[in-house]
Amino acid sequence: AKEIAKRISAARNDGTCRNFALIAAPRFLGVLRDALEIAGNARPVVAINKEVVDKDAAFIENLLAGHH
């Protein structure tokens, strides 16, 4: 979670990422949110509590489409 948060924070600081969404299993999503606050208070546009490890891109696209 700390490494992901550092990468997101760095991308936001250098301008390569303006907005982002988080999709993660509920337990990891909480850890990741905490790490993001520590790394620079970056907040996602949307955060979805869902395990998606074995899901295809279409499944993830549908999750995101429902959260515009």
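Q: Let's start with a residue I can click on: in which strand does L22 lie?
A: Helices and strands here are DSSP runs, numbered from the N terminus (H or I of at least four residues for a helix, E of at least two for a strand). On that reading, L22 belongs to strand β1, residues 21-24. A24 is in strand β1 too. One caveat before we go on: this is a predicted model, where local features need pLDDT of at least 70 and side-chain atom pairs count only at pLDDT 80 or more, while totals for chains, interfaces and linings use all residues. Residues are numbered from 1 along each chain as its sequence is written, and side-chain values use heavy atoms, with hydrogens and water left out.

Q: How many helices and strands does the chain have?
A: Three helices and two strands. Going along the sequence, they come in the pattern α-β-α-β-α.

Q: Is L22 buried or exposed?
A: The general idea is a cut-off on relative accessible area: under 20% is buried, over 50% is exposed, and anything in between is partly exposed (1.4 Å probe, protein chains only). L22 has a relative accessible area of 5%, so it is buried. A24 is buried as well, because its relative accessibility is 8%. Away from strand β1, A42 sits in the loop between α2 and β2 (46-49), and at 10% this residue is also buried. For the chain of 68 residues, the buried share is 26%.

Q: How does the radius of gyration of the chain compare with that of a compact globule?
A: The radius is taken over C-alpha atoms, and the globule rule is 2.2 Å times the number of residues to the power 0.38. For 68 residues a compact globule would come out near 11 Å; the chain has 12 Å, so the two agree. If you'd rather think in box dimensions, the C-alpha trace spans about 30 × 25 × 20 Å along its principal axes.

Q: How far apart in space are the C-alpha atoms of A42 and A58?
A: They're 26 Å apart, with the two positions 16 residues apart along the chain. Try some other pairs: A1 and K55 are 54 residues apart along the chain, and their C-alpha atoms are separated by 20 Å. L22 and D56 are 34 residues apart, with a C-alpha separation of 16 Å. A24 and D34 are ten residues apart in sequence and 13 Å apart, C-alpha to C-alpha.

Q: Which residue forms a salt bridge with E3?
A: The test is a side-chain nitrogen of Lys or Arg within 4 Å of a carboxyl oxygen of Asp or Glu. The partner of E3 is R7, with the closest N and O atoms 3.2 Å apart. Both residues lie in helix α1 (residues 2-13), four residues apart, about one turn of the helix. E3 is partly exposed because its relative accessibility is 45%, whereas R7, at 60%, is exposed. By this rule, the total is one salt bridge.

Q: Which residues make the nonpolar surface patch of about 230 Å²?
A: A patch takes residues with over 30% relative accessible area and no salt bridge, joining nonpolar side chains (Val, Leu, Ile, Met, Phe, Trp, Tyr) within 5 Å and like charges within 9 Å. The areas are Shrake-Rupley values with a 1.4 Å probe, and for residues only the protein chains shown count as cover. Here the members are I4, F28 and V31. V31 is in helix α2, residues 26-40, and is partly exposed because its relative accessibility is 45%.

Q: Over which ring does the charged end of K55 sit?
A: The criterion is NZ of Lys or CZ of Arg within 6 Å of the ring centre and within 35 degrees of the ring normal. The charged end of K55 sits over the ring of F59, 5.1 Å from the centre of that ring.
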